[in-house]
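This report describes selected features of a predicted model. It is arranged by region, and a short table accompanies the text.

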Amino acid sequence: MKSPTKIIVAIAITLALAGWLAGLSAFVNDISSMPTPKPVQKLDAVVVLTGGSNRIDAGFNLLEQGFGKKLFISGVYKGLDVNRLLKLWKAEPQSKLDCCVVLGFEAENTTGNAVETAEWLHKEGFHSIYLVTANYHIRRALLEFGRLAPDVVITPYPVVPDKYEPFLIMREYAKYIAASIRSLL
């Protein structure tokens with residue numbers, strides 16, 4: 001016969017796992033049902049978080065359409081998007097981009113993106129942004145930016161990456177839970 005303590009622990013583990021799976025299911029459903037963003041107003045800046053496909057293209061498109069005065073690309077030091085950025089940068093006349101595109105090299109993660117961006121926004125005197133990142137990353141990015149740049153009006157601009165990997169989505173969900181807990185504390 002099993003001890004009551006072992007039964008209680010088994011029930012607690014089962015409930016925690018069921019809760020985590022239900023939350024993951026809701027997270028995946030949220031990602032898949034996110035509408036394609038449509039910018040409706042001009043804001044101070046467009047901020048792109050590097051690390052995935054289609055983000056930089058979306059940021060440049062918003063800038064070219066006049067939805068931001070400047071484009072800030074955070075976390076430039078790594079990722080395949082850097083190669084894409086350099087191609088876009090070289091395809092345009094340098095003088096046109098010098099005024100409007102700023103690269104951030106300090107961020108190593110989403111919290112770093114928020115810190116780096118908040119400092120840049122403060123220096124520029126900007127108070128409103130389109131935040132461009134992957135649809136699976138947008139919820140956590142909004143939490144971090146809201147916590148570290150509470151005076152900035154943030155309009156999410158989630159983009160759909162070229163492909164999804166199940167492990168990436170599970171890892172992002174776990175990071176989202178951690179960020180949610182951090183923002184509550």
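Glycine 146 is partly exposed, since its relative accessible area is 36%, a value that falls between the 20% limit for buried and the 50% limit for exposed residues. This glycine belongs to helix 6. In space, the C-alpha of glycine 146 is 8.9 Å from that of serine 183, although 37 residues separate the two in sequence.

Histidine 137 is situated in the loop that connects strand 4 and helix 6. With a relative accessibility of 5%, histidine 137 counts as buried, because the class covers values under 20%. When neighbours within four places in sequence are set aside, the contacts of histidine 137 are Leu49, Arg55, Thr110 and Glu172.

The two residues may be set side by side.

| Residue | Location | Relative accessibility and class |
|---|---|---|
| Histidine 137 | Loop between strand 4 and helix 6 | 5%, buried |
| Glycine 146 | Helix 6 | 36%, partly exposed |

The largest pocket holds about 370 Å³ of space. Its lining comprises 20 residues, of which Thr50, Gly51, Arg55, Thr110 and His137 are the closest to the centre. Two or more lining residues come from each of helix 5 and helix 7 (166–184). The greatest contribution is that of helix 7, which supplies four residues. Sorted by class, the lining consists of nine polar, seven charged and four nonpolar residues.

Helix 5 spans residues 110–124, a run of 15 residues. From first C-alpha to last, this helix reaches 21 Å, close to the 21 Å expected at 1.5 Å a residue. At its start, a side-chain oxygen of asparagine 109 comes to within 3.2 Å of the backbone nitrogen of threonine 111. After the helix comes glycine 125, which has a positive phi near 75 degrees.

The buried residues of helix 5 are Thr110, Gly112, Asn113, Ala114, Glu116, Thr117, Ala118, Trp120 and Leu121. Their packing partners are four strands and one helix: strand 1 (43–49), strand 2 (68–74), strand 3 (101–104), strand 4 (128–134) and helix 6 (138–148). Thr110 thus recurs across the regions described: it is among the buried residues of helix 5, it is one of the residues closest to the centre of the largest pocket, and it is in contact with histidine 137.

Note on methods. Residues numbered from 1 in each chain as written. Predicted model: local features only at pLDDT ≥ 70, side-chain atom pairs only at ≥ 80, totals over all residues. Heavy atoms only, no water. Expected span 1.5 Å × (residues − 1). Buried < 20%, exposed > 50% of the residue type's maximum accessible area, 1.4 Å probe, protein only. Contact = heavy atoms within 4.5 Å. Polar contact = N/O pair within 3.5 Å; in protein donor to acceptor, adjacent residues only side chain to side chain. 1 Å grid on protein atoms, 1.4 Å probe; cavity = no way out; pocket = protein on both sides within 12 Å on 5 of 7 lines; lining within 4 Å. Points joined across faces, edges and corners; volume = space filled by probe spheres on them. Nonpolar A, V, L, I, M, F, W, Y, C, P; charged D, E, K, R; others polar.
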